[in-house]
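Visitor: Please take me through one part of this chain in detail, the nonpolar core. I would like to see what builds it and what lies around it.

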Amino acid sequence: MKLLIVEDNCALNNEIALSLSADRTFQAYTAAEARGLLREDLDLVILDINLPDGSGLEERLRETE
């Protein structure tokens, strides 16, 4: 499974990554970082909707349009 975690809180981002067993885990801390990683063939995205450089929800909706 390929997992992307988008969370600006570094400790929480790392804790989620350690808690879930995935074949490949990508971590992003901003919407800008996530934008580039969304091009990967992902199975699951865990997305913080309150990021410092924009709403994660807005980013995801823009990606699906």
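Guide: Of the 65 residues in the chain, 31% count as buried. The model is a predicted one, and the chain in it has three helices and three strands. Along the sequence these elements follow the pattern β-α-β-α-β-α.

The largest nonpolar core has ten residues: Leu4, Val6, Phe26, Ala28, Ala31, Ala34, Leu37, Leu38, Leu42 and Leu51. At least two residues of this core come from each of strand 1 (2-6), strand 2 (24-28) and helix 2. Helix 2 gives the largest share, three residues. As a general point, nonpolar side chains in soluble globular proteins tend to be buried together.

Two members of the core can be taken one at a time, beginning with the strand 1 side. Valine 6 is part of strand 1. Its relative accessible area is 2%, under the 20% cut-off, so valine 6 is buried. The residue can be placed against another core member, alanine 31: valine 6 and alanine 31 are 25 residues apart along the chain, and their C-alpha atoms are separated by 7.5 Å.

The second member is alanine 28, which lies in strand 2. With a relative accessible area of 0%, alanine 28 is buried. Leucine 47 is 19 residues from alanine 28 along the chain, and 9.5 Å separates the two C-alpha atoms.

Helix 2 also holds a residue with another degree of cover. Alanine 32 is found in this helix. Its relative accessibility is 40%, which lies between the limits of 20% for buried and 50% for exposed, so alanine 32 counts as partly exposed. Between the C-alpha atoms of alanine 32 and aspartate 53 there is a separation of 7.5 Å, with their positions 21 residues apart along the chain counted as the distance apart.

Next come the loops. The loop between strand 3 and helix 3 (56-64) contains isoleucine 49. Although isoleucine belongs to the residue types that a nonpolar core may include, isoleucine 49 counts as exposed because its relative accessibility is 53%, over the 50% limit. Isoleucine 49 can still be located relative to the core member alanine 31: from C-alpha to C-alpha the two are 9.5 Å apart in space, and they are 18 residues apart in sequence.

The other loop to examine connects helix 2 (31-37) and strand 3 (44-47), and aspartate 41 lies in it. Aspartate 41 has 60% relative accessibility and therefore counts as exposed. Together with Asp23, Glu40 and Asp43, Asp41 forms a negative surface patch.

To put the parts side by side: valine 6 of the core is buried at 2% and alanine 28 at 0%, alanine 32 is partly exposed at 40%, and the loop residues isoleucine 49 and aspartate 41 are exposed.

How values were computed: Residues are numbered from 1 along each chain as its sequence is written. This is a predicted model: local features need pLDDT of at least 70, side-chain atom pairs count only at pLDDT 80 or more; totals for chains, interfaces and linings use all residues. Side-chain values use heavy atoms; hydrogens and water are left out. Patches are made of residues with over 30% relative accessible area and no salt bridge: like charges are joined within 9 Å, nonpolar side chains (Val, Leu, Ile, Met, Phe, Trp, Tyr) within 5 Å. Accessible areas come from the Shrake-Rupley method with a 1.4 Å probe; for residues, only the protein chains shown count as cover. A salt bridge is a side-chain nitrogen of Lys or Arg within 4 Å of a carboxyl oxygen of Asp or Glu. Lys and Arg count as positive and Asp and Glu as negative; His and the chain ends are not counted. The place of a charge is taken as NZ of Lys, CZ of Arg, CG of Asp or CD of Glu. Helices (H or I, at least four residues) and strands (E, at least two) are DSSP runs, numbered from the N terminus. Buried means under 20% relative accessible area, exposed over 50%, partly exposed in between (1.4 Å probe, protein chains only). A nonpolar core is a set of buried Ala, Val, Leu, Ile, Met, Phe, Trp, Tyr and Cys residues joined through side-chain atoms within 4.5 Å.
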